[in-house]
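Thank you all for coming. Please take a moment with the sequence and the model before I go through a few of its features.

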Amino acid sequence: IDDILDLEGMVVRAMVNDKRVLVELFQECGSKELRFVVNSGLFLGFLLGILQMGVWLCWDPWWSLAVGGALVGYLTNFFAIKSIFEPVEPVQLGPIRLQGLFLTR
């Protein structure tokens with residue numbers, strides 16, 4: 001039956017042709033991970049924003065808030081995306097097992 005029907009190819013072609021299906025699939029299957037991205041962005045962005053405020057109180061060139069905001073946004077997104085997809089293989093740190101959130105499920 002595999003010679004007659006290429007199921008994997010059909011699914012890939014359907015998702016390439018209708019990207020809305022792929023987006024809906026990702027949003028439905030990854031709802032927990034997407035919620036983590038939002039929550040971690042809020043928490044980490046808040047902490048880095050407090051740090052940025054402290055730096056700005058001591059050193060305040062006109063461009064520091066824009067550069068600091070861009071850096072906070074980049075770091076927040078970087079850590080959130082990395083924690084979803086990496087590490088690929090489980091890593092044991094004492095009693096804690098680390099693995100990307102997507103890959104754990």
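How many salt bridges does the structure hold? It holds 2, where a salt bridge is a side-chain nitrogen of Lys or Arg within 4 Å of a carboxyl oxygen of Asp or Glu.

Before I go on, this is a predicted model, in which local features need pLDDT of at least 70 and side-chain atom pairs count only at pLDDT 80 or more, while totals for chains, interfaces and linings use all residues. Residues are numbered from 1 along each chain as its sequence is written, and side-chain values use heavy atoms, with hydrogens and water left out.

One salt bridge joins D18 and R20, whose closest N and O atoms are 3.2 Å apart; D18 is partly exposed at 27% relative accessibility, whereas R20, at 53%, is exposed (buried means under 20% relative accessible area, exposed over 50%, partly exposed in between, with a 1.4 Å probe and protein chains only). The other salt bridge pairs E86 with K82 at 3.1 Å, N to O, and here E86 is partly exposed at 41%, as is K82 at 32%.

Turning to the helices (DSSP runs of H or I, at least four residues, numbered from the N terminus), the axes of α1, residues 7–17, and α2, residues 19–29, come within 4 Å and cross at roughly 105°, the axes being lines fitted to C-alpha atoms over the stretch in contact and the angles running from 0 to 180 degrees between N-to-C directions. That makes α1 roughly perpendicular to α2, a term covering 65 to 115 degrees.

How values were computed: Helix = DSSP H or I, 4+ residues; strand = E, 2+ residues; numbered from the N terminus. Parallel < 35°, antiparallel > 145°, perpendicular 65-115°, else oblique.
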